[in-house]
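Colleague: Got a minute to walk me through this one? I'd like the overall picture and then the aromatic rings.

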Amino acid sequence: MIIDIHTHTFPDKIAAAALGKLIEKGHSKPFSDGTVSGLLAQRRRSGVDLSVILPVATTARQVVHINDSSAGINETFSGEGLFSFGCMHPDFEDYRNELARIRTLGLKGIKLHPIYQETDIDDIRFLRILDRAAELGLIVIAHAGYDVGYPGVVHCSPAMIRHALSEVGSFPFIAAHMGGWHCWDEALRELAGTGIYLDTAVSIGQLHTIGDGFYTEEDLYTLNAAQIREFCNAFGSGHILFGSDSPWTDPADDMAELRKMGLMQEELEGILGGNAARLLGL
Ligand SMILES: [Zn+2]
């Protein structure tokens with residue numbers, strides 16, 4: 001079973017505008033139209049069995065609505081291999097009840113984006129959310145490290161994650177982008193042995209820009225096979241999850257990259273889906 005733990009969609013009505021804004025900000029080329037049906041078509045085309053959608057609330061006001069529509073996506077599309085997580089925002093006051101409601105809605109976890117949400121992951125407002133999510137058995141996945149669209153900005157560094165875990169204790173936490181995009185030495189140093197999960201999103205293979213010359217080649221480096229080996233040794237390959245960050249890469253390309261990394265068959269199968277299936281309780 002192949003599971004893509006890291007994908008994004010937008011409501012049909014705003015997908016074109018939202019994607020357009022993100023293309024402008026990130027100078028990156030999308031591989032779907034950003035809609036749920038676009039992701040579904042891409043999932044089928046690329047041979048992924050289950051794509052996990054990660055919604056991001058950029059204001060507290062959006063939280064309840066996004067969680068309702070995430071539950072709606074699951075009702076309609078869980079038989080079609082799409083499954084959405086919920087969201088939370090650090091300024092959402094009634095986070096305790098909303099996180100409980102997220103669980104009642106059947107959402108297995110939440111996505112946090114400390115850069116878009118302009119808050120450090122070890123800020124008290126996130127710590128209390130992490131603590132409550134852990135109490136409820138919700139998985140938390142957080143954007144970690146830099147974001148291509150926000151040069152120089154980090155609100156979830158490996159050291160901050162380590163600090164947050166030391167406050168909250170261990171629970172199912174996924175640090176996206178291999179523990180911190182472009183913070184990979186720090187991730188190995190700070191996070192190995194903590195028991196957290198990492199996803200491969202935007203961390204392997206080639207990144208695709210709109211070709212406007214905004215980035216130099218060294219702005220967009222990713223991990224090579226030797227580095228992936230190092231992460232497997234440090235974290236245990238059972239803690240690494242395949243994620244594409246669709247629409248920003250084509251899952252088929254990323255799968256092909258992973259298959260070229262010289263991993264043992266068992267490790268590869270775990271990363272491509274077995275590990276996520278266990279984590280999601282499938
Ligand atoms: Zn993402």
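Modeller: Here is a short run through the fold, the surface and the ring pairs. Keep in mind that this is a predicted model, where local features need pLDDT of at least 70, side-chain atom pairs count only at pLDDT 80 or more, and totals for chains, interfaces and linings use all residues. Residues are numbered from 1 along each chain as its sequence is written, and side-chain values use heavy atoms, with hydrogens and water left out.

Colleague: Fine. How many helices and strands does the protein have?

Modeller: Ten helices and nine strands, taken as DSSP runs numbered from the N terminus (helices are H or I, at least four residues; strands are E, at least two).

Colleague: And what's the radius of gyration?

Modeller: The protein has 17 Å, which agrees with the value near 19 Å for a compact globule of 282 residues. That's over C-alpha atoms, and the globule rule is 2.2 Å times the number of residues to the power 0.38. The C-alpha atoms fill a box of roughly 45 × 40 × 35 Å along the principal axes.

Colleague: What share of the residues is buried?

Modeller: 57% of the 282 residues. Buried means under 20% relative accessible area, exposed over 50%, and partly exposed in between (1.4 Å probe, protein chains only).

Colleague: Switching to contacts, how much comes from residues 24 or more positions apart?

Modeller: They account for 75% of the contacts with a separation of 6 or more, a contact being heavy atoms within 4.5 Å.

Colleague: Now the rings. How many aromatic pairs are there?

Modeller: The structure holds five. One of them is Tyr116 and Tyr150, with ring centres 5.7 Å apart and planes at 45°, so this pair is tilted. Rings of Phe, Tyr and Trp (its six-membered ring) pair if their centres lie within 6.5 Å; planes under 30 degrees apart count as stacked, over 60 as edge-to-face and the rest as tilted.

Colleague: Where do those two tyrosines sit in the chain?

Modeller: Tyr116 is in the loop between strand S5 (109–112) and helix H5 (124–136), and Tyr150 is in the loop between strand S6 (139–142) and helix H6 (158–168), so the pair links distant parts of the chain, 34 residues apart. Tyr116 is partly exposed at 25% relative accessible area, and Tyr150 is partly exposed at 28%.

Colleague: What about Phe231 and Phe235, and why is that pair called stacked?

Modeller: Because their planes are at 10°, with the centres 5.7 Å apart. Both are in helix H8 (residues 225–235), four residues apart, which is about one helical turn.

Colleague: Are they buried or exposed?

Modeller: Phe231 is buried at 1% relative accessible area, and Phe235 is buried at 8%.
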